[in-house]
Amino acid sequence: MNHFSIVMEFLGDRQRFLKEVDQGIKIDIKIISLLIASSGFFGIYGSIIGSFSGPVQIISSAIKLPALYLLTLLICLPTLYLYEISLGCKRSFGQYLVLLLAATSVISVMLFGFAPITFFFRLSIHDYQFFQLLNLVILGITGLIGINVFYQCMRFITEQEAENKKYRTRLLKAWLVLYGFVGSQLGWTLRPFFGDPGQPFAVFRDLESNFYMHVLELIGKILGWV
């Protein structure tokens, strides 16, 4: 089976893909294929950002970047599913999992598209703080695209349901904000992904501060404020 063809199917004919999901067609196959394909794309991008600090960090980042997105999904999806069924939705957990994996796959494809640009800056600029900030921007952009894709997918499959429509939309938006916060903080918890060349390799760093304070500090260093 060509697992990457499922991703291409979603990108090329989204309405047909979503109709199949809504009808429960080949849910298990879609889950496996989307998981494998997105992990591959994430792994490639992770190896690039980890190359700033040597071969061990390359391997570590190639594993941890897919894990970051999968763990974020596993942490947040039960909340979405439970609130949906509390409102009378009859879809299975697997159907929601497919939808979120499809949106996550879009993020992975976008990162794969950014990979040549990231690799170019990796080779041409040896500024660790700049490389970090560049990739945080790329990860942020692709993450917002993926969140928007999931939002549109959810709206498509629920557009025929009149009950609690506005209320469900508000809750979905709130859940997407939660998803973004969990993902960014989890990324901070699982760091390093880049690997500071001035420090020895470590699978994880000590927990301190938070992701948002780190971004502000990073911008301050680049601009010379810190």
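Me: Let a salt bridge mean a side-chain nitrogen of Lys or Arg within 4 Å of a carboxyl oxygen of Asp or Glu. In this predicted model, what makes Arg16 and Glu20 a salt bridge?

Reply: The side chains of Arg16 and Glu20 come to 3.4 Å, N to O, and because the cut-off is 4 Å, the pair qualifies. Arg16 and Glu20 are four residues apart in helix 2 (residues 14-22), which means that about one helical turn separates them. In general, an α-helix has 3.6 residues a turn, so residues three or four places apart point the same way.

Me: Why is Glu20 called buried, while Arg16 is called partly exposed?

Reply: Buried means under 20% relative accessible area, and exposed means over 50%. Glu20 has 16%, and therefore counts as buried, whereas Arg16, with 41%, falls between the two limits and is partly exposed.

Me: What is the distance between Arg16 and Glu9, and why is Glu9 called buried?

Reply: Arg16 also forms a salt bridge with Glu9, with the closest N and O atoms 4.0 Å apart. Glu9 has a relative accessible area of 19%, and because the limit for buried is under 20%, Glu9 belongs in that class.

Me: How do you know that the salt bridge of Glu84 and Arg168 links distant parts of the chain?

Reply: The closest N and O atoms of Glu84 and Arg168 are 2.5 Å apart. Glu84 lies in helix 4 and Arg168 in helix 7, with their positions 84 residues apart in the chain. Both partners are under the 20% limit and therefore buried, with relative accessibility of 1% for Glu84 and 10% for Arg168.

Me: Which residues are joined by salt bridges into one network, and how many salt bridges does the whole structure hold?

Reply: Glu9, Asp13, Arg16, Glu20 and Lys30 form one network through salt bridges that share partners. A search of the whole structure finds six salt bridges.

Me: How do you know that the length of helix 7 agrees with its number of residues?

Reply: Helix 7 (residues 165-190) has 26 residues, and at 1.5 Å a residue these should span 38 Å; because its end C-alpha atoms are 37 Å apart, the two values agree. Among the buried residues of helix 7 are Arg168, Trp175, Tyr179 and Trp188, and the buried residues of this helix pack against helix 4, helix 5 (93-124), helix 6 (128-158) and helix 8 (211-223).

Me: How do you know that Cys76 and Cys153 are in no disulfide?

Reply: The structure holds zero disulfides. For Cys76, the nearest cysteine sulfur, that of Cys153, is 17 Å away, and because a disulfide needs sulfur atoms within 2.5 Å, Cys76 is not in one. The closest cysteine sulfur to Cys153 is in Cys89, at 15 Å, and this is too far for a bond. Cys76, at 2% relative accessible area, is buried, and Cys153, at 0%, is buried as well.

Me: What makes Leu70 eligible for the nonpolar surface patch?

Reply: A patch residue needs over 30% relative accessible area, and Leu70, at 32%, therefore passes that limit and counts as partly exposed. Leu70 lies in helix 4. Together with Leu35, Leu71, Leu74 and Ile75, Leu70 makes a nonpolar patch of about 390 Å², in which helix 4 (residues 55-86) has the largest share, four residues.

Key. Residues are numbered from 1 along each chain as its sequence is written. This is a predicted model: local features need pLDDT of at least 70, side-chain atom pairs count only at pLDDT 80 or more; totals for chains, interfaces and linings use all residues. Side-chain values use heavy atoms; hydrogens and water are left out. Patches are made of residues with over 30% relative accessible area and no salt bridge: like charges are joined within 9 Å, nonpolar side chains (Val, Leu, Ile, Met, Phe, Trp, Tyr) within 5 Å. Accessible areas come from the Shrake-Rupley method with a 1.4 Å probe; for residues, only the protein chains shown count as cover. Helices (H or I, at least four residues) and strands (E, at least two) are DSSP runs, numbered from the N terminus. Buried means under 20% relative accessible area, exposed over 50%, partly exposed in between (1.4 Å probe, protein chains only). The expected span of a helix is 1.5 Å times one less than its number of residues. Contact means heavy atoms within 4.5 Å.
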